[in-house]
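Reader: I am new to reading protein models. Could you walk me through this one, one question at a time?

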Amino acid sequence: MKRLLILAVAPLALAACSPTEPAAENPPAADQTAAVVVTDAWCRATPNGARAGGCFATFTARTDDRLTGGSTPRAAQLQVHEMSMDGGMMKMGQIEGGLPLPAGQAVALAPGGNHIMLMELTQPLAEGDTVPLTLTFATAPAVTVQAPVRRVTPGGDGHHG
Ligand SMILES: [Cu+2]
């Protein structure tokens with residue numbers, strides 16, 4: 001009877017050694033409800049008298065989307081601008097149809113490239129200010145961020161080399 005007992009136990013041991021692996025993929029974090037995550041928002045301080053100012057941020061969309069515009073209490077208009085070369089001159093203008101935000105890809109706005117333009121500022125953007133930016137998307141709900149104002153010395157940071 002001893003031999004029979006051993007045979008009966010073996011299948012149990014086997015089962016214990018091969019647990020069913022849970023799916024390896026990470027479930028999305030519970031608090032990632034926003035369809036577009038906006039990080040590192042900031043605005044560039046404007047010299048006295050400037051009527052427009054640039055703001056920057058990094059956007060990560062959960063599904064393909066586009067940054068189309070927005071609003072701020074600090075300016076009459078908020079536009080999404082791109083830089084382009086035209087006959088050797090840098091020009092900027094609104095991006096037709098909005099800035100593409102491919103799913104899962106961090107899209108960074110930065111000085112010298114795509115930017116958020118605040119037109120007709122109510123007052124200059126001063127270092128230490130915080131600018132509320134409400135950003136709108138083609139499909140995702142609008143996102144409001146608080147962008148601190150920083151001073152950038154033109155050409156003084158060596159980043160353009
Ligand atoms: Cu601009």
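Reader: How many bridges join strand E3 to E6, and in which sense do the two strands run?

Author: Happy to start there, with a word on the ground rules. This is a predicted model, in which local features need pLDDT of at least 70, side-chain atom pairs count only at pLDDT 80 or more, and totals for chains, interfaces and linings use all residues. Residues are numbered from 1 along each chain as its sequence is written. Strand E3 covers residues 65-71, and its link to E6 consists of three bridges, with the strands running antiparallel.

Reader: What do you count as a strand, and when do two strands pair?

Author: Helices (H or I, at least four residues) and strands (E, at least two) are DSSP runs, numbered from the N terminus. Two strands pair if DSSP finds at least two bridges between them.

Reader: Which residue in E6 stands opposite Leu-67?

Author: Look along E3, whose three bridges lead to E6. Opposite Leu-67, in E6, you will find Leu-99.

Reader: Which residue in E9 stands opposite Gly-70?

Author: E3 also pairs with E9, in the antiparallel sense and over four bridges. In E9, the residue opposite Gly-70 is Leu-135.

Reader: How many helices and strands does the chain have?

Author: Reading from the N terminus, the order of elements is α-β-β-β-β-β-β-β-β-β-β. The tally is one helix and 10 strands.

Reader: Is the pairing of E1 with E10 parallel or antiparallel?

Author: Let us take the partners of E1 in turn. E1 is joined to E2 by six bridges and runs antiparallel to E2, with Val-38 opposite Phe-59. Towards E10, Cys-43 has Val-149 as its bridge partner, and Arg-44 has Arg-150. The two bridges between E1 and E10 join strands that run parallel.

Reader: How many residues lie between E9 and E10 in their hairpin?

Author: E9 and E10 are antiparallel and joined by six bridges; in one of these, Thr-130 is partnered by Pro-148. The number of residues between the two strands of this hairpin is five.

Reader: How many residues does the largest nonpolar core have?

Author: A nonpolar core is a set of buried Ala, Val, Leu, Ile, Met, Phe, Trp, Tyr and Cys residues joined through C-beta atoms within 7 Å. A residue is buried if 20 or more other C-beta atoms lie within 10 Å of its own, exposed if 12 or fewer, and partly exposed in between, with C-beta atoms placed from the backbone. Those with the most contacts inside the largest core are Val-36, Cys-43, Cys-55, Leu-67, Val-131, Leu-133 and Ala-147, and the core's residue count is 25.

Reader: Which elements give two or more residues to this core?

Author: In soluble globular proteins, nonpolar side chains tend to be buried together. Here the elements giving two or more residues are E1, E2 (52-61), E4 (75-86), E6 (99-101), E8, E9 (130-137) and E10 (143-150).

Reader: With which residues is Cys-55 in contact, leaving aside its neighbours within four places in sequence?

Author: Two residues are in contact if their C-beta atoms, placed from the backbone, lie within 7 Å. For Cys-55 the list is Ala-41, Trp-42, Cys-43, His-115, Ile-116, Leu-118, Val-131, Leu-133 and Ala-147.

Reader: Why does Glu-120 count as exposed?

Author: Glu-120 belongs to strand E8, and its phi is near 55°, a positive value in a residue other than glycine. Most residues other than glycine have a negative phi. Glu-120 counts as exposed because its C-beta neighbours inside 10 Å number 10.

Reader: Is Asn-114 buried or partly exposed?

Author: Asn-114 sits in the loop between E7 (106-108) and E8 (115-121). Beyond its neighbours within four places in sequence, its contacts are His-81, Glu-82, Leu-99 and Leu-109. Because 17 other C-beta atoms lie within 10 Å, Asn-114 is partly exposed.

Reader: What is the mean pLDDT of the chain?

Author: pLDDT is the predictor's confidence in each residue, from 0 to 100. In this chain 74% of residues reach 70 or more, and the mean is 83.

Reader: How many contacts does the stretch of residues 11-19 have beyond near neighbours in sequence?

Author: The pLDDT of residues 11-19 is below 50. Beyond near neighbours in sequence, the number of contacts this stretch has in the model is zero.
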